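Please open the structure in a viewer and keep the selection tool at hand. The tour below proceeds stop by stop, from the whole chain to its internal spaces.

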Amino acid sequence: MKEYRKYAEEMLEFIDKSPTGFHAVANLAAALEEQGFRRLKESQAWELAAGEGCYVTRNDSSLIAFRLPAKDRAAGFHIAASHADSPTFKVKEAPEMPAENAYVKLNTEKYGGMILSSWLDRPLSVAGRVVAEGEKGIETRLVNIDEDMMVIPSVAIHMGRDAANKEYNPQVDMLPLYGECGEEGKAAAAHAFLDRIAGEAGTEAERILGHDLFLYVREKGRILGRNGEFVLSSRLDDLQCVYASSRAFLDSTPEDYINVCVVFDNEEVGSGTKQGADSTFLEDVLWRIGESMHLSRSEYLQLIAGSFLISADNAHAVHPNHPEKADPTNRPFLNRGIVLKFHGSQKYATDAVSAAQVRMLCREAGVPCQSYANRSDIAGGSTLGNISTSHVSVSSADIGLPQLAMHSAVETAGVKDTKYAVDMFRVFFAK
């Protein structure tokens, strides 16, 4: 288990350093630049050279990195796509809420589909970005309050016997307790939170012009189980796939294809933003790569026709206490490898041809592969594959790594599966 554990621990370290999608993208950008990748801007012209590695970001929360083969012409694009956002609570504007002239709460709202009860009674903090007035105009700064800052307290069972099984109202039950009002009451609470954020950002509260701030769980991820076979962490969906695909991408040099590593934002809320999978971000970048290679429109479309996209977003493993929730025959388990996702109504992009290609990659990498389908009487979610291919028509498969408690504040996965994914993506990116 030593080699598997190494990759799992590296993944947990990446998650710990990435409390929000903004931080995940910043960390990936730093890793890319350390290996000589050049940052491009969408607002400037691109001149690319054979064998070069570059990356571009959008909104500071989505990133596309690519490496060209050393030869003048490529056979197509090999694309891995994942997402860096996870279900959480977003801090609203004017967030401070004095309560009972004794407490200060924060006004928050849900971001994505959440198991609300899993957020109760945990140490929480806040991270994200602020946009502030600086000496040279508007400046964006990342913030992460690296301390146990707040808690969402549950209601004691003595105050209502339905407390253990109640439905939670996000505006009533799920507001975090931030602090006390103190003797000054409401006046002291008015800007306490934004003052704290401003101090972290190196500015003053009155200079903050906007913010995208999110709660995150402070408990660090860990390895557990009888033989250390499981991983327990927040944000496994989908930073586990972000880590695996980007690690393999950084380790690989393409032979015939243009390697592309995509990290989208806003998958958990439908992808319908300028930086989401349902934007033109991927389409724009691929076209500009083709343009820099002086390809005609016809030659570019030929390149697209020879391309393949792997959409990597974690999958539901069979639950040990509720095996009846899983499909009768497509039953993935932790530590048993890559999960190919299938859906008759095409919520997943996998078809027979793309499934065969992924299975061949797994076979070549020596990685086990399993399949997932929803029970026919249970509606499932969707992911990046079909959304991305609605903009760029390439053959695509949806895969994931098996996990339990998806969309909980803390999720469970297998120690072996991160390395399995890295190994498969290395084979994919070496072609």
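Begin with the entire chain in a cartoon view: the protein has ten helices and 20 strands. Its radius of gyration is 22 Å, close to the 22 Å that the globule rule gives for 431 residues, so the protein is as compact as a globular protein of that length. Please note that this is a predicted model.

Rotate the C-alpha trace next. Along its principal axes, the trace spans about 70 × 60 × 40 Å. Colouring by burial is useful here, since 55% of the 431 residues count as buried. A display of contacts adds a further view: among contacts with a separation of 6 or more, 77% join residues that are 24 or more positions apart. If the surface is then switched on, the accessible area shown is about 19000 Å², and carbon and sulfur atoms account for 48% of this area.

**First stop: the largest pocket**

Select H316, Y372, N374, G381 and M406. Of the 37 residues that line the largest pocket, these are the closest to its centre. The pocket itself has a volume of about 700 Å³. Now add strands β15 (315-316) and β19 (402-404), each of which supplies at least two residues of the pocket lining. Colouring the lining by residue class will show 15 nonpolar, 14 polar and eight charged residues.

**Second stop: H316**

Stay in the pocket and centre the view on H316, which lies in strand β15. Is H316 buried, partly exposed or exposed? Its relative accessible area is 38%, and H316 is therefore partly exposed. Which residues does H316 touch, not counting those up to four places away in sequence? Select P332, Y372, Q403 and M406 to see these partners. Two of the residues just selected, Y372 and M406, also appeared among those closest to the pocket centre. For a distance across the fold, draw a line between the C-alpha atoms of H316 and S118: the two residues are 198 residues apart along the chain, and the line spans 17 Å.

**Third stop: the largest cavity**

Leave the pocket for the enclosed spaces. How many cavities of 30 Å³ or more does a search of the whole structure find? The search finds two. The largest cavity has a volume of about 50 Å³. To display its lining, select L28, L32, L63, A65, S246, F249, L250 and C261. Helix α2 (21-34), strand β3 (62-67) and helix α5 (236-251) each supply at least two of the lining residues, and α5 gives the most, with three. By class, this lining has seven nonpolar residues, one polar residue and no charged residues.

**Fourth stop: the second largest cavity**

Keep α5 in view and select Q240, C241, A244, A312, I338, I399, L401, A421 and F425, which line the second largest cavity. The elements that give two or more residues to this lining are α5 and α10 (415-429). Once again α5 makes the largest contribution, with three residues. The space inside amounts to about 40 Å³. Eight nonpolar residues and one polar residue form the lining by class, with no charged residues.

To close the tour, display α5 together with both cavity linings: this helix gives the most residues to the lining of the largest cavity and the largest share to that of the second largest cavity.

Notes. Residues numbered from 1 in each chain as written. Predicted model: local features only at pLDDT ≥ 70, side-chain atom pairs only at ≥ 80, totals over all residues. Heavy atoms only, no water. 1 Å grid on protein atoms, 1.4 Å probe; cavity = no way out; pocket = protein on both sides within 12 Å on 5 of 7 lines; lining within 4 Å. Points joined across faces, edges and corners; volume = space filled by probe spheres on them. Helix = DSSP H or I, 4+ residues; strand = E, 2+ residues; numbered from the N terminus. Nonpolar A, V, L, I, M, F, W, Y, C, P; charged D, E, K, R; others polar. Rg over C-alpha atoms; globule rule 2.2 N^0.38 Å. Buried < 20%, exposed > 50% of the residue type's maximum accessible area, 1.4 Å probe, protein only. Contact = heavy atoms within 4.5 Å. Areas by Shrake-Rupley, 256 points an atom, 1.4 Å probe, with all protein chains shown as cover.
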